[in-house]
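Work through the exercises below with the model open in your viewer. Try each task before reading its solution.

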Amino acid sequence: MSYRVKNILFCVSALILGAAMYIIFRPKAVVSMFFGKICWVSDLQILLQSVSADCLRYYLSDLLWAFSLSCGLQAIFVPDQHGIVICAGTAAVCGVFWELLQLFGMVQGTGDWVDVVMYFFAAIASILINQRRQ
């Protein structure tokens, strides 16, 4: 399997898993309410509402989305060693920028520092996975 295909699979898988976790563990979010109208999604939200792990509820989906962006950039550009770090760093910087927008009230959200840490973990994971191909 080619480098590009692997990164596309990582990108799509992380994006779907992150979105599913967001929809299931954050039922009061607008997008979750939309999907919550589907019977089995609503049942799953109710079944898992007692899960109170903040990591699952808030942070893991952000990590997965940042990882998805990083792998997506790497699938598009197919970078060398230096470019792998640039693609991963770009994903982390986008996440940090998003959190800053939340912190300063420009978009709705919490501006959480743990999310920033998750973005950097996602970047590091992407770098480690993609450097193995070199």
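Helices here are DSSP runs of H or I with at least four residues, and strands are runs of E with at least two. The model is predicted.

**Exercise 1. The fold in outline**

Find how many helices and strands the chain has.

Solution.
- Step 1: Count the elements. The chain has six helices and zero strands.
- Step 2: Read them from the N terminus. The order is α-α-α-α-α-α.
- Step 3: Take the dimensions. The C-alpha trace spans about 45 × 40 × 20 Å along its principal axes.
- Step 4: Look at burial. Of the 134 residues, 39% count as buried.
- Step 5: Turn to the surface. The accessible surface is about 8200 Å², and carbon and sulfur atoms hold 73% of it.
- Step 6: Check contacts along the sequence. Among contacts with a separation of 6 or more, 64% join residues 24 or more positions apart.

**Exercise 2. Two helices that cross**

Determine how the axes of helix α1 and helix α3 cross, and which residues make the contact.

Solution.
- Step 1: Recall the description. Two packed helices are described by the angle and the distance between their axes.
- Step 2: Apply it. The axes of α1 (residues 3-25) and α3 (residues 39-48) come within 8 Å and cross at roughly 70°.
- Step 3: Classify the angle. Angles of 65 to 115 degrees count as roughly perpendicular, so α1 is roughly perpendicular to α3.
- Step 4: List the residues. α1 supplies I23, I24 and F25, while α3 supplies V41, L44, Q45 and L48.
- Step 5: Sort them. Six are nonpolar, one is polar and none is charged.

**Exercise 3. Cysteines and disulfides**

Decide how many disulfides the model contains.

Solution.
- Step 1: Set the test. A disulfide is a covalent bond between the sulfur atoms of two cysteines. The cut-off here is 2.5 Å between the sulfurs.
- Step 2: Apply it. The count is zero disulfides.
- Step 3: Check C71. The nearest cysteine sulfur, that of C11, is 6.9 Å away, and C71 is in no disulfide.
- Step 4: Check C87. The nearest cysteine sulfur, that of C71, is 9.8 Å away, and C87 is in no disulfide.
- Step 5: Add burial. C71 is buried at a relative accessible area of 0%. C87 is buried too, at 7%.

**Exercise 4. One serine**

Is S68 buried or exposed?

Solution.
- Step 1: Locate S68. The residue lies in helix α4, residues 54-77.
- Step 2: Compare with the cut-off. Buried means under 20% relative accessible area. S68 has 4%, so S68 is buried.
- Step 3: Name the neighbours. Leaving out residues up to four places away in sequence, S68 touches C11, A14 and L15.

Key:
Residues numbered from 1 in each chain as written. Predicted model: local features only at pLDDT ≥ 70, side-chain atom pairs only at ≥ 80, totals over all residues. Heavy atoms only, no water. Buried < 20%, exposed > 50% of the residue type's maximum accessible area, 1.4 Å probe, protein only. Contact = heavy atoms within 4.5 Å. Axes fitted to C-alpha atoms, helices over the stretch in contact; angles between N-to-C directions. Parallel < 35°, antiparallel > 145°, perpendicular 65-115°, else oblique. Nonpolar A, V, L, I, M, F, W, Y, C, P; charged D, E, K, R; others polar. Areas by Shrake-Rupley, 256 points an atom, 1.4 Å probe, with all protein chains shown as cover.
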